[in-house]
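Reader: I am new to this structure and would like a close look at a single part. Please start with one pairing between strands and work outward from there.

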Amino acid sequence: AGYHNFALARKCGGFTLIEVIVAVAVLVLLALIIASGIATFRESAALDQALDEAFELLREARSKTLGSESASSFGVHFTSSSVTLFKSWTYTAGDPANLVITLPVIVEINAIVLSTTTANIVFERLSGAAAATGTIRFIGKRSAKTKQIEILSSGAFRKL
């Protein structure tokens, strides 16, 4: 009478503890894979957004310079966490006329390699030529994925 039919008990609709643990482990693993994919996608989108915003500020600075807006030159100043459009040959932090774009928290500028000692790209009136040439490298902090903007002496620039 101490005999128990486990096969019959199983047919009655229960799960064993091992089956529940395996099912939970599979669900946790799937959730981790999905969360990692979402985080990677989010960082990639933020990196693209930062690059596009910096590119647009460069385009705007060159356009305003070529258009002789306010009879002035315009430039773009780079820091590790922001990109700033400014008026004049010299960048002045805190100038109310500056247009500052703050980079997403998960993206930074980790290399500013220019032919001058400043982190500024200023465009010359009439010609639109750039006073500095080189590259600005953006990096995703989590994945270390990088994208760059290259500035040419002609004043042209491109995404790399």
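Author: In this predicted model, Ile149 stands opposite Lys159 in strand 8. Strand 8 covers residues 157-159 and is joined to strand 7 by three bridges, the two strands running antiparallel. Strand 7 and strand 8 form a hairpin with five residues between them. In that turn, Gly155 has a positive phi of about 100 degrees.

Strand 7 also pairs with strand 6. Six bridges join these two strands, which run antiparallel. One of the pairs is Ile136 with its bridge partner Ile149 in strand 7. Ile149 thus appears in both pairings, with Ile136 and with Lys159. Strand 6 and strand 7 form a hairpin as well, with five residues between them, and Ala144 in its turn has a positive phi of about 65 degrees.

From Ile149 the path leads into the interior. The largest nonpolar core has 27 residues, and Ile149 is among those that touch the most other members, together with Leu58, Val76, Phe78, Val83, Ile121 and Phe138. The elements giving two or more residues to this core include strand 6 (134-140), strand 7 (146-151) and helix 2 (17-66). Helix 2 supplies the largest share, nine residues.

Ile121 shows how such a core residue is surrounded. Beyond its neighbours within four places in sequence, Ile121 is in contact with Leu58, Phe74, Gly75, Val76, Phe78, Leu114, Ala130, Ala132 and Ile151.

Helix 2 is also the place of Val22. Val22 counts as partly exposed because its relative accessibility is 47%, and buried would require under 20%. Val22 belongs to a nonpolar surface patch with Ile18, Val26, Leu27, Leu30, Ile34 and Ile38, with about 700 Å² of accessible area together.

Terms used: Residues numbered from 1 in each chain as written. Predicted model: local features only at pLDDT ≥ 70, side-chain atom pairs only at ≥ 80, totals over all residues. Heavy atoms only, no water. Core = buried A, V, L, I, M, F, W, Y, C linked by side-chain atoms within 4.5 Å. Buried < 20%, exposed > 50% of the residue type's maximum accessible area, 1.4 Å probe, protein only. Helix = DSSP H or I, 4+ residues; strand = E, 2+ residues; numbered from the N terminus. Contact = heavy atoms within 4.5 Å. Patch = residues over 30% accessible without salt bridge, like charges linked within 9 Å, V, L, I, M, F, W, Y side chains within 5 Å. Areas by Shrake-Rupley, 256 points an atom, 1.4 Å probe, with all protein chains shown as cover. Salt bridge = Lys/Arg side-chain N within 4 Å of Asp/Glu carboxyl O. Pairing = 2+ DSSP bridges.
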